[in-house]
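Welcome, and thanks for opening the viewer. Keep the selection tool at hand, and we will go from stop to stop together.

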Amino acid sequence: MTMVDWIAARPVAHRGLHDAAAGVIENTAAAFQAAVDGGYAMECDVQISADGEAMVFHDDTLDRLMRASGRVDAYPAAALRALPMKAGRDGMITLGELCDLVGGRSPLIVEVKASWSRDRRLEQRVAAVLKAYAGPVAVMSFDPWSAAAFRTLAPNLPRGVVQESLYDDPEWSMLTPGRKWALGSLLHLPWSRPHFLAWYVRDLHHRAPRLARRLLGLPMLTWTVRTPQDQARAALYADQMIFEGFRA
């Protein structure tokens, strides 16, 4: 038995089991409670606050979801927790509060939002919070250097790298063509040493994820599954899906 045998056991609710139409907003306590109630594993995102707290939130900025604007890392944790959301009744929570809510009842996968820098305050805080958590939990990031950092900070904490093959979306414009190729080709594996991978569902048929799964035995999650076509691709090429917009 390995430390990640549980990782593919249940479908993973992306940012919790959220439903904005019903007032259940992504990455909130209500969404994670719904995932627990539904028997799902769950994925969350964490960002760093100005005072070094791990906040459960996806975006770098507040504008999309909160009644405020500016970068998350410009506000201290207490101010972020006090901000109202544009919808729903919940506010932003810390990773520690999420751990208290879940209490080991469902598996938890924490995506550490990539800073693509040498700043490892977020990894340090996440490692400190999860050190005291007894339930099934893993960390992952698009930045393989984040996985490498967790090798030192928390060697017994399961770690993964979030991947795609092409990195052709404009959001990756800060990466050079060479770096995109190196990431998509998994050249980081000798030093990041992830316990699992989470691959973009569109790219699962590419050579690198297939070889990593079949030859290296790395468990393969896939994101973000939203359609029946995505589900079929996930069933063919991955061990488990990270889903949203339906009940798996």
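**Stop 1: helix α9**

Begin by selecting R233, which is partly exposed at 29% relative accessibility; the term covers values between under 20% relative accessible area, called buried, and over 50%, called exposed (1.4 Å probe, protein chains only). Before you go on, note that this is a predicted model, in which local features need pLDDT of at least 70, side-chain atom pairs count only at pLDDT 80 or more, and totals for chains, interfaces and linings use all residues. Residues are numbered from 1 along each chain as its sequence is written, and side-chain values use heavy atoms, with hydrogens and water left out.

Now add D230, which forms a salt bridge with R233, the closest N and O atoms being 3.4 Å apart. A salt bridge here is a side-chain nitrogen of Lys or Arg within 4 Å of a carboxyl oxygen of Asp or Glu. D230 and R233 are separated by about one helical turn because they are 3 residues apart in helix α9. D230 has a relative accessible area of 13% and is buried.

Helices (H or I, at least four residues) and strands (E, at least two) are DSSP runs, numbered from the N terminus.

**Stop 2: around strand β10**

Show β9, helix α9 (residues 228–237) and β10 together: they make a right-handed β-α-β unit. Right-handed means that, with the strands pointing away from the viewer, the path from the first strand over the helix to the second runs clockwise. β9 and β10 pair in the parallel sense over 3 bridges; strands count as paired if DSSP finds at least two bridges between them. To see the register, pick L221, which stands opposite Q240 in β10.

Next, bring in strand β1 (residues 12–14), which runs parallel to β10 and is joined to it by 2 bridges. Here A13 has F243 of β10 as its bridge partner.

Which way do the side chains of β10 (residues 240–243) point? Q240 and I242 go one way, M241 and F243 go the other, and all are buried. In a regular strand, side chains alternate between the two faces of the sheet.

Then select D239, which makes a salt bridge with R213, with 3.1 Å between the closest N and O atoms. This pair links distant parts of the chain, 26 residues apart: D239 is in the loop between α9 and β10, and R213 is in helix α8. D239 is partly exposed at 34% relative accessibility, and R213 is partly exposed with a relative accessible area of 25%.

**Stop 3: a nonpolar patch**

Switch to a surface view and colour L211, L215 and L216, which make a nonpolar surface patch of about 310 Å². Patches are made of residues with over 30% relative accessible area and no salt bridge, joining like charges within 9 Å and nonpolar side chains (Val, Leu, Ile, Met, Phe, Trp, Tyr) within 5 Å. Accessible areas come from the Shrake-Rupley method with a 1.4 Å probe; for residues, only the protein chains shown count as cover. L216 sits in the loop between α8 (207–214) and β9 (220–225) and counts as exposed at 54% relative accessibility.

**Stop 4: strand β5**

Is strand β5 (residues 108–112) enclosed or open? It is largely enclosed by the rest of the structure, because 5 of the 5 residues are buried. L108, V110 and V112 lie on one side, I109 and E111 on the other, and both faces are covered.

Strand β2 (residues 41–48) pairs with β5 in the parallel sense over 5 bridges, and M42 has L108 of β5 as its bridge partner. β5 also pairs in the parallel sense with strand β6 (residues 137–141), over 4 bridges; there L108 stands opposite V137. Add helix α4 (residues 121–131), and you have another unit to view: β5, α4 and β6 make a right-handed β-α-β unit.

**Stop 5: more charged pairs**

The whole structure holds 17 salt bridges. One of them joins the side chains of E53 and R125 (2.9 Å, N to O). E53 lies in the loop between β2 and β3 (54–56) and R125 in helix α4, so the pair ties together parts that are 72 residues apart in sequence. E53 is buried at 17% relative accessibility, whereas R125 is partly exposed at 30%.

To finish this stop, select R15, E26, D45, D59, R64, E111 and K113, which are linked in a network of salt bridges.

**Stop 6: two cysteines**

How many disulfides does a search of the whole structure find? It finds 0, taking a disulfide as a pair of cysteine sulfur atoms within 2.5 Å. For C44, the nearest cysteine sulfur is that of C99, 7.8 Å away. C44 is buried at 0% relative accessibility, and C99 is buried at 6%.
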